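Here are a few short exercises to work through with the model open in your viewer. Try each task before you read its solution.

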Amino acid sequence: MACDLRQPQSWLQMASARERATQAKLDAKVDALTQGLAHPLRRSILYYLADEANGNQRTSPNELSKALDERLTNISYHVRQLAQKGLIDLAGTAPRRGALEHYYKLTQLGRMAVQTGRFAEGVNA
């Protein structure tokens, strides 16, 4: 869409379209953050991946299951949900007993979710 600067209306329409696109991206990030923090197990997974003791290393659902003392099926489901929302990324795979073990790490958005969650817990305390 060409913008005729002599026509203020067309310039305003383009500016508002850009603002709507920017707002839509921001809304999607906020939705991902809130959905990522909505379930206590998802928060635990995010916090574990961000934990300094973990060294921000890639971690598999199997390792998370042992560390968080939760069933692997529950962990796997929530890991898929977090990956779908863009809060964690697949960092690699490795053969393990005839199957592929998937390893995940936090994304930048995931780090924001951890900071937001810890801030909210501090406010509520």
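**Exercise 1: Arg97**

In this predicted model, Arg97 has a relative accessible area of 78% and is exposed.

Task: Find where Arg97 is placed and which sign its phi has.

Solution:
- Step 1. Look between strand S1 (88-96) and strand S2 (99-106): Arg97 belongs to the loop there.
- Step 2. Read the backbone angle: phi of Arg97 is near 50°, a positive value, and the residue is not a glycine.
- Step 3. Set this beside the general pattern: most residues other than glycine have a negative phi.

**Exercise 2: Asp69**

Task: Decide whether Asp69 is buried or exposed, and locate its loop.

Solution:
- Step 1. The loop that holds Asp69 joins helix H3 (61-68) and helix H4 (72-84).
- Step 2. The cut-off for exposed is over 50% relative accessible area. Asp69 reaches 69% relative accessibility, so Asp69 counts as exposed.
- Step 3. Check phi as well: Asp69 has a positive value of about 55°, although it is not a glycine.

**Exercise 3: The whole chain**

Task: Describe the protein chain by its elements, its buried share and its contacts.

Solution:
- Step 1. Count the elements: the protein chain has 5 helices and 2 strands. Their order from the N terminus is α-α-α-α-β-β-α.
- Step 2. Turn to burial: of the 125 residues, 30% are buried.
- Step 3. Add the surface: the protein chain exposes about 8400 Å², with 52% supplied by carbon and sulfur atoms.
- Step 4. Finish with contacts: among those between residues at least 6 apart in sequence, 49% join residues at least 24 apart.

Conventions
Residues numbered from 1 in each chain as written. Predicted model: local features only at pLDDT ≥ 70, side-chain atom pairs only at ≥ 80, totals over all residues. Heavy atoms only, no water. Helix = DSSP H or I, 4+ residues; strand = E, 2+ residues; numbered from the N terminus. Buried < 20%, exposed > 50% of the residue type's maximum accessible area, 1.4 Å probe, protein only. Contact = heavy atoms within 4.5 Å. Areas by Shrake-Rupley, 256 points an atom, 1.4 Å probe, with all protein chains shown as cover.
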